[in-house]
Amino acid sequence: VIGRPRTRGLPQPRKMALHYASRGFMLASVCMCLAGVGAMRVQKPVRLPRVALSMSVEDHEPLPLQIGQIVEGKVTGVKPYGAFVRVCIPDSERKCAGLLHISQVTNAKVQNLEKVLPVGTRIKSIVISLDNDKGRVELSTKALEASAGQMLVDRAEVFANAEVAAIEYLERVEREKVARKAAAQDLILGLEEVVMGKKDSDESK
């Protein structure tokens with residue numbers, strides 16, 4: 001049996017620490033006593049004044065754009081992964097930043113994007129993704145090509161037929177969407193038939 005610790009001659013905080021420790025008090029209480037906190041009294045919480053914090057985050061208004069829309073813009077920067085485009089919003093004085101990823105420039109391989117789309121080049125492209133919350137627009141010129149690699153040999157022709165190509169692009173996207181939905185439904189029906197067939201087989205045994 002462990003007896004009471006000797007506390008004679010110790011400073012008062014150490015005496016209290018040993019006292020609490022011998023009775024199984026938490027280590028935090030012991031440490032507070034050693035630090036000279038003294039008797040453990042519950043202090044009334046102090047209510048701190050509320051401070052209003054403001055964040056310098058720019059609020060983005062919804063962009064008056066939609067998927068499949070043709071927009072004009074100017075290349076403002078080129079990186080290995082794509083080109084940044086200053087997009088002119090139709091029927092508005094507003095402009096926004098768009099990204100033309102290198103994979104969306106053309107259906108052919110791009111060796112040097114800076115040669116294909118130098119800074120300052122004015123282009124037409126189609127909106128393929130839109131994030132109003134962040135004010136981001138993803139663009140494509142690949143979707144406007146009549147043939148693979150047309151952007152590399154005659155981009156002016158691509159831009160001239162952009163509106164017609166955009167209509168064909170939207171029709172193609174809709175067909176692919178319907179096809180994916182039909183394929184998903186066929187898969188579900190197939191799984192249901194397998195499950196029902198297994199159930200009938202088990203019941204017949």
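This passage walks through some strand pairings, one buried serine, the cysteines and an aromatic pair in a predicted model.

Strand β1, spanning residues 70-79, is a handy place to start, as it pairs with two other strands. On one count, β1 and strand β2 (residues 82-88) are antiparallel and share 7 bridges. Getting from β1 to β2 takes a hairpin of 2 residues. Within this pairing, G77 sits opposite F84 of β2. The other partner is β4, which also runs antiparallel to β1, this time with 5 bridges. Here G73 has I123 of β4 as its bridge partner.

Strand β4 covers residues 122-131, and S125 belongs to it. This serine is pretty well hidden from solvent: its relative accessibility comes out at 1%, so S125 counts as buried, the cut-off being under 20%. What does S125 touch, once neighbours within four places in sequence are set aside? The contacts are Q69, I70, V71, L139, S140, T141 and L144. Of these, I70 and V71 fall in the residue range of β1, the strand that is bridged to β4.

Back at the hairpin side, the model has 1 aromatic pair. It is made by Y81 and F84, whose ring centres are 6.1 Å apart; the planes meet at 90°, so the arrangement is edge-to-face. Neither ring's residue is fully tucked away. Y81 has a relative accessible area of 39% and is therefore partly exposed, and F84, at 31%, also gets the partly exposed label. F84 is thus a residue with two roles in this description: it stands opposite G77 across the β1 and β2 pairing, and its ring packs edge-to-face with that of Y81.

As for cysteines, the disulfide count is 0. C88 is in no disulfide, and the nearest cysteine sulfur, belonging to C96, is 9.0 Å away. The cut-off for a disulfide is a sulfur separation within 2.5 Å, so a 9.0 Å gap does not qualify. C96 is likewise in no disulfide, with the sulfur of C88 as its nearest cysteine sulfur. The surroundings of the two cysteines are not alike in solvent terms: C88 is partly exposed because its relative accessibility is 31%, whereas C96, at 5%, is buried. C88 also lies in the residue range of β2, the strand that the 2-residue hairpin links to β1.

Key
Residues are numbered from 1 along each chain as its sequence is written. This is a predicted model: local features need pLDDT of at least 70, side-chain atom pairs count only at pLDDT 80 or more; totals for chains, interfaces and linings use all residues. Side-chain values use heavy atoms; hydrogens and water are left out. Helices (H or I, at least four residues) and strands (E, at least two) are DSSP runs, numbered from the N terminus. Buried means under 20% relative accessible area, exposed over 50%, partly exposed in between (1.4 Å probe, protein chains only). Contact means heavy atoms within 4.5 Å. Two strands pair if DSSP finds at least two bridges between them. Rings of Phe, Tyr and Trp (its six-membered ring) pair if their centres lie within 6.5 Å; planes under 30 degrees apart count as stacked, over 60 as edge-to-face and the rest as tilted.
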